[in-house]
Amino acid sequence: MTLLPLVVLFWPIWLSRQPEQQSPIWKRRSLILLISLLTARYLHWRVTCSLNLSTHLSTGLSLVLLTAEAWLLLSGLLPLWLAWRRFPDRRSEMQQLKQQWQNSSWRPTVDILVPTYGEPLQVLERSLIACCHLNYRNSHVWVLDDSGRNEVKQLALRLGCRYRHRPSRTSAKAGNLNDGLRHCSGELVAVFDADFIPQQDFLDCCIGFLQDPSVGLLQTPQTFINADPVMRNLGMEPWLLPDEESFYRWIEPVRDGWGAVVCAGTAFLARRSAIDSVGGFREQAISEDFVTGLRLRRRGWKLLYLQQKLSAGLAAETMADFVRQRQRWANGTLQSLRLHDGPLGRGDLRVGERMAYLEGVVHWFNNMPRLVLMLMPLSYGLLNTVPILISTDEALRMLLPLWATLLLSIGWINRGSRTALLSELTGWVLTVPLTLTVFTNLMGRIGGFRVTPKHQRRDQGSFSLMLVSPLLVLLLLNVVNLHGLITVTSLNSDVFDSRTLGLTWAVINLFSLWIALRACWDPPARDPAPWQAALLPAALETSDGQWASCQITALSESGVELNMPGAMSSQLTITRLRWTDAVPALPVVQESRQGQRFALRWQELSDRHRQLLILWLFCRPGCWPDRQAPPEWRALMALISRLLILPARRPFSRCLTAQTPLQ
């Protein structure tokens, strides 16, 4: 065996010594070329040397496997080749444009639209408090209530918002936004979903970009104040990043380089005349945001992307809701292919723009070949058939260089926004339901719009039968298949020669299926408030009127956890806590204690104190960090250690979201 193919692994290792965003563009391009050449080399070998054409069954399975591999590899090259072009990071010009705008006389009126349909009042209140306390004051907050609840109207009026409930609920969110547009007249329009909380400087940072009259929309990233179900259920909050991180830190900037920014439906600022020029938000489209952005681009408006986290929302809180949300996104994106103003429709889109938009559609089709890779190892033990002819030497020469290069490269080229292996392993829970969604969509059955439930209290943990059932079936089949490979001795020569690959593949499948099953367990959530990790110096007042130093380790709207540096008498109780000048000392009551660690609950807070707490927790400029994915091997070890343990969600063991440390 020649070692030359393995020498290429030194290149991504060498590149990783310097972050991609700080590297010259030739390094990124060299890696794209290397991955492309290794992919072409591997696929040439697969087509010419590895097909098992000995029987009709083996021929069919071989061709299906080859098709699945080729689809995934070639579709994976599409975003890489889109990244060949330089793409901007507009954070570098944000301060300059902000200063330029503030020095001008332009002070546009901004209508802030908050569409809502049934979200809990606590969720909506956070968003409205934040919208009403933006630094830029020439704005009006509109609560567009499609549920017509009196309590929402009272909340809106109490906070000084304008309230609108349309008489007929048609066309879901797009219809609600269009109805709101007919009743407001601001020069600019900002849109936030009811669970999204803008930072106080959102408009200050964004308006400067719309000084250019050709800019129709500025999109900002989505981030979240709670961990998504995969991270939380596996107890991997410090080790995993939400899958949206890769989209907003790499894919969306790459599309910005082609002028093909995707409107994400929330946390964006648009020019009213641009929205009016395309007839408002696209109705009869499940993904009204995606299609509206396409219509704006076709009309010649520029869509820009500012890679600065200026708001945060709520991620889906159960695995079933997480999957349904992705199914809705898939349905909406695939539906756009049928629309005359979708990515395949006629119009003034350049080839690069069209490819950038279509890359987002291809992403959903990838679940079908992934399912093939999940099922194919069963052919070894259950069907006594080899779908790929490969020796150990060929695996080392052909397979290993490509997959090892991908494993070493993905984290670097994605700028630390995702891992290569763990992102795939934890994504297995989505493969079956998303494959069904793609298939039914292609058959013409398109689901409707459904609001993702938020702020749910769960007194008991649970599985979703819809998600677990296919995974259990696959797990059982893989156990039988593995048993057959280990115990059966009467194998034909092809199967016997490929037993090592079959065993490896089967073990990886079992491992991945177990991860997916573990991720489906939603633990109890008796406190639905999202908790933020912290390391903050603070002072607490005890029942004798004395103040003592402490350190806050976690904070939420419902309470706080802290450590005391010294012993505190059990006869004393903690009455108030102070940690910042922006929030007055708040009354607390002890919930739990472990040595010098205390879990406290806020006592009844006044409206003013509650507003100040929310503004400090979620609206401070720069409070949401760009976390870097940890080293793959360390994250994998952490995952393995958690697979047999259900994470406890109680005081001192909470699900925490990271915030930028205070300086």
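**Figure 1. The largest cavity of the predicted model.** The largest cavity in this predicted model has a volume of about 40 Å³, and a search of the whole structure returns 2 cavities of 30 Å³ or more. Two elements each give two or more residues to the lining of the largest cavity, namely α4 (56–82) and α11 (244–257). Residues P79, L82, W250, I251, V254, R255 and E359 form this lining, to which α11 makes the greatest contribution, with 4 residues. When the residues lining the largest cavity are divided by class, 5 are nonpolar and 2 are charged, while no polar residue is present.

**Figure 2. The second largest cavity and its lining.** The second largest cavity encloses about 40 Å³ of space, and the residues that line the second largest cavity are P221, E245, Y248, R249, Q307, K309 and D626. In the lining of the second largest cavity, the classes comprise 4 charged, 2 nonpolar and 1 polar residues.

**Figure 3. Strand β2 and its surroundings.** Strand β2 spans residues 139–145, and 6 of its 7 residues are buried, so this strand is largely enclosed by the rest of the structure. Strand β2 is paired with strand β1 (residues 110–116), and it is also joined by bridges to strand β3 (residues 162–164).

**Figure 4. The pairing of β1 with β2 and the crossover between them.** Strand β1, which covers residues 110–116, pairs with β2 in the parallel sense over 7 bridges, and within this pairing I112 is placed opposite V141 of β2. Between the two strands the chain passes through helix α6 (residues 121–132), leading from β1 to β2 in a β-α-β crossover that is right-handed.

**Figure 5. The pairing of β2 with β3 and the unit built around α7.** Strand β3, made up of residues 162–164, runs parallel to β2 and is joined to it by 3 bridges, with L144 standing opposite R164 in β3. Together with helix α7 (residues 150–159), the strands β2 and β3 make up a β-α-β unit, which is right-handed.

Key
Residues numbered from 1 in each chain as written. Predicted model: local features only at pLDDT ≥ 70, side-chain atom pairs only at ≥ 80, totals over all residues. Heavy atoms only, no water. 1 Å grid on protein atoms, 1.4 Å probe; cavity = no way out; pocket = protein on both sides within 12 Å on 5 of 7 lines; lining within 4 Å. Points joined across faces, edges and corners; volume = space filled by probe spheres on them. Nonpolar A, V, L, I, M, F, W, Y, C, P; charged D, E, K, R; others polar. Buried < 20%, exposed > 50% of the residue type's maximum accessible area, 1.4 Å probe, protein only. Pairing = 2+ DSSP bridges. Right-handed = clockwise from strand over helix to strand, strands pointing away.
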